[in-house]
Amino acid sequence: MSIWRLLWTKSTTTAISSISKTSTSPNSTFSQFRQLSTSFLVTKIPKKFRKKRKKKDFPRTKLVQTQPNIIPYFENILVRDTHFRFLTKTKEFLSKQPHHVLRLDDAGKLHQQLGFPRGRKIVRSLQRHPSIFEIYRHTDGKMWFGFTDFMEQLLEEESCVMNQMENDRVNVVRKLLMMSKDKRIPLSKIYHNRLLFGIPEDLRDRIGKYEDYFKVFVEEDGRRVVELVNWDPTLAVSALEKEYMVDEDKVKRAFKFPIKHGKALDLDEGDERKLNLLYTLPLVSPYSNGSKLDLWTVEAEKFRVGLIHEFLSLTLEKRAYIHNLVEFKDEFCLTKHTYQMLLKQPRTFYLAGTEMNWCVFLKDGYGEDGVLLNKDPQVLFNEKLYGYAGMKVLEPTSLVNET
């Protein structure tokens, strides 16, 4: 580019000097100078040759896993969650309304509670599930929507499942309390995460029937807290401890807590594995008091890893989102470095989704085909509901016969 500038400068200087000698009129000088255009010079790089700027990665959009490490069937489960978010949220919200109906104008303002995109019309989401929701004109002249008759039958079936599994859900709550540092958890936290464990909507009413297990009291700030009454040693056995009795080698390979050592030791791969194994075992029981452990020690990290493993084993689908774990952060002595801690244990945990909204899976809970090994009756019901929700045409008689 410097050569072009040099040539242009010389040619321009020569032209100007010759024009000034031949003409003294300002107008003639300007008209002749305009003929010396530089438009033929390439002053900008053509668009096709410009380097494309790499877009910045934001936690909201940046995936946790990179391409070589992605496990498709785990990621697909999150896609399914997104697809049925409206169904799940609207089912929960509408079930609490009188007569299971809601005015359409009111529903259009509840995009967050019902799980449809802000700025979109709720009708579009309702029309995706014609076998679940129906829209009708009420006697007041307004448009309302509610459950179909077939969906009402499904809700009764789900209620039966809840009743059958009540004892198991009670034990889940007891184990959660036994893992907490003070053996007490605000009732609202368990309620907010009830779908994770299959706990019924009327948790507050049902928990009062078990005075031998739970005690509910109100704190000074008005929060209702559920406290453990009796410690049961038969429940204080983690899933890892049970598995250790069956397959000791598998549990030894499940976690890795590497330690730094000097190069002077000159350890080969086998010796280094044995040294790390000394720090891996024994694991710290999630039913011990983690608040008494020094925060940044190996024992404290073992406790937190084991606690999350036990927490996931209590869930219906052996997985939990970040907001589920953060909800119990204080009760379970978790730190803000939980995300990095789980990434260091890829043999046992798989983190899917984005860095801002990640979901942790318990790998042992799934087979090689990505299917849950042991499906809870509530999981089987949910899968059936998703199947009916995807149907375009409703045939009540045939569907009831299938159930």
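**Cavity**

I began with the largest cavity of this predicted model, and I noted that about 100 Å³ of space lies in it. I then asked how many cavities of 30 Å³ or more the structure holds, and I found one. I listed the residues that line the largest cavity as Glu166, Arg169, Val170, Val173, Ile199, Pro200, Leu203, Arg206, Ile207, Tyr210 and Phe214. The elements that give two or more residues to this lining are H9 and helix H12, which spans 203-207. The largest share, four residues, comes from H9. By class I entered eight nonpolar and three charged residues for the lining of the largest cavity, with no polar ones.

**Sheet S4-S6-S5**

Since H9 had come up in the cavity lining, I looked up what else this helix touches. H9 covers residues 166-179 and lies across S4, S5 and S6, running at about 90° to S6. These three strands form an open sheet in the order S4-S6-S5, and I recorded the pairing as antiparallel. Its edge strands are S4 (184-186) and S5 (214-218), each of which pairs on one side only. I also noted that neighbouring strands of this sheet are turned by 25° against each other on average, with direction ignored.

I went through the pairings one by one. S4 pairs with S6, residues 224-228, in the antiparallel sense over three bridges, and I marked Val226 in S6 as the bridge partner of Ile185. On the other side, S5 and S6 pair over five bridges, also in the antiparallel sense, and here Val218 has Arg224 of S6 as its bridge partner. Which residue takes a positive phi in the hairpin of S5 and S6? I found Gly222, with a phi near 95°, in a hairpin that has five residues between the strands.

I made one link back to the cavity: Phe214, one of the residues that line the largest cavity, falls in the range 214-218 of edge strand S5.

**Second largest pocket**

I turned next to the second largest pocket, in which about 690 Å³ of space lies. It is lined by 28 residues, and those closest to its centre are Ser313, Leu314, Thr315, Lys318 and Asn374. Which helix gives the largest share of this lining? I again wrote down H9, which gives five residues. At least two residues each are supplied by H9, helix H13 (239-246) and helix H16 (298-314). By class, I entered 10 nonpolar, seven polar and 11 charged residues for the lining of this pocket.

**Sheet S1-S3-S2**

I then looked up another open sheet of three strands, which has the order S1-S3-S2 and antiparallel pairing. The edge strands here are S1 (101-103) and S2 (133-137), and each pairs on one side only. The twist averages 25° from one strand to the next. Three bridges join S1 to S3, residues 143-147, and the two strands run antiparallel; I noted that Val101 stands opposite Gly146 in S3. Helix H4, residues 85-95, lies across S1, S2 and S3 and runs at about 100° to S3.

**Helices against H19**

I followed H4 to H19, and found that the two pack at an angle of about 110°, with their axes 11 Å apart. An angle of 65 to 115 degrees counts as roughly perpendicular, so H4 is roughly perpendicular to H19. Leu87, Thr88 and Lys91 of H4 make the contact with Leu385, Tyr386 and Ala389 of H19. I counted this contact by class as four nonpolar, one polar and one charged residues.

Which way does H8 run relative to H19, roughly parallel or roughly antiparallel? The axes of H8 (residues 149-164) and H19 (residues 377-389) come within 10 Å and cross at roughly 170°. Angles over 145 degrees count as roughly antiparallel, and H8 is therefore roughly antiparallel to H19. On the H8 side I listed Phe150, Met151, Leu154, Glu157, Glu158, Val161 and Met162, which meet Pro377, Gln378, Phe381, Lys384, Leu385 and Tyr388 in H19. The class count for this contact is nine nonpolar, one polar and three charged residues.

As a last entry I noted that Leu385 of H19 is listed both in the contact with H4 and in the contact with H8.

Technical notes. Residues are numbered from 1 along each chain as its sequence is written. This is a predicted model: local features need pLDDT of at least 70, side-chain atom pairs count only at pLDDT 80 or more; totals for chains, interfaces and linings use all residues. Side-chain values use heavy atoms; hydrogens and water are left out. Two strands pair if DSSP finds at least two bridges between them. Axes are lines fitted to C-alpha atoms, for helices over the stretch in contact, and angles run from 0 to 180 degrees between N-to-C directions. Contact means heavy atoms within 4.5 Å. Angles under 35 degrees count as roughly parallel, over 145 as roughly antiparallel, 65 to 115 as roughly perpendicular and the rest as oblique. Ala, Val, Leu, Ile, Met, Phe, Trp, Tyr, Cys and Pro count as nonpolar, Asp, Glu, Lys and Arg as charged, and the others, Gly among them, as polar. On a 1 Å grid over the protein atoms alone, a cavity is a set of points where a 1.4 Å probe fits but cannot get out, and a pocket is an open set with protein on both sides within 12 Å along at least five of seven lines; lining residues have an atom within 4 Å of a point. Grid points are joined across faces, edges and corners, and a volume is the space filled by probe spheres set on the points.
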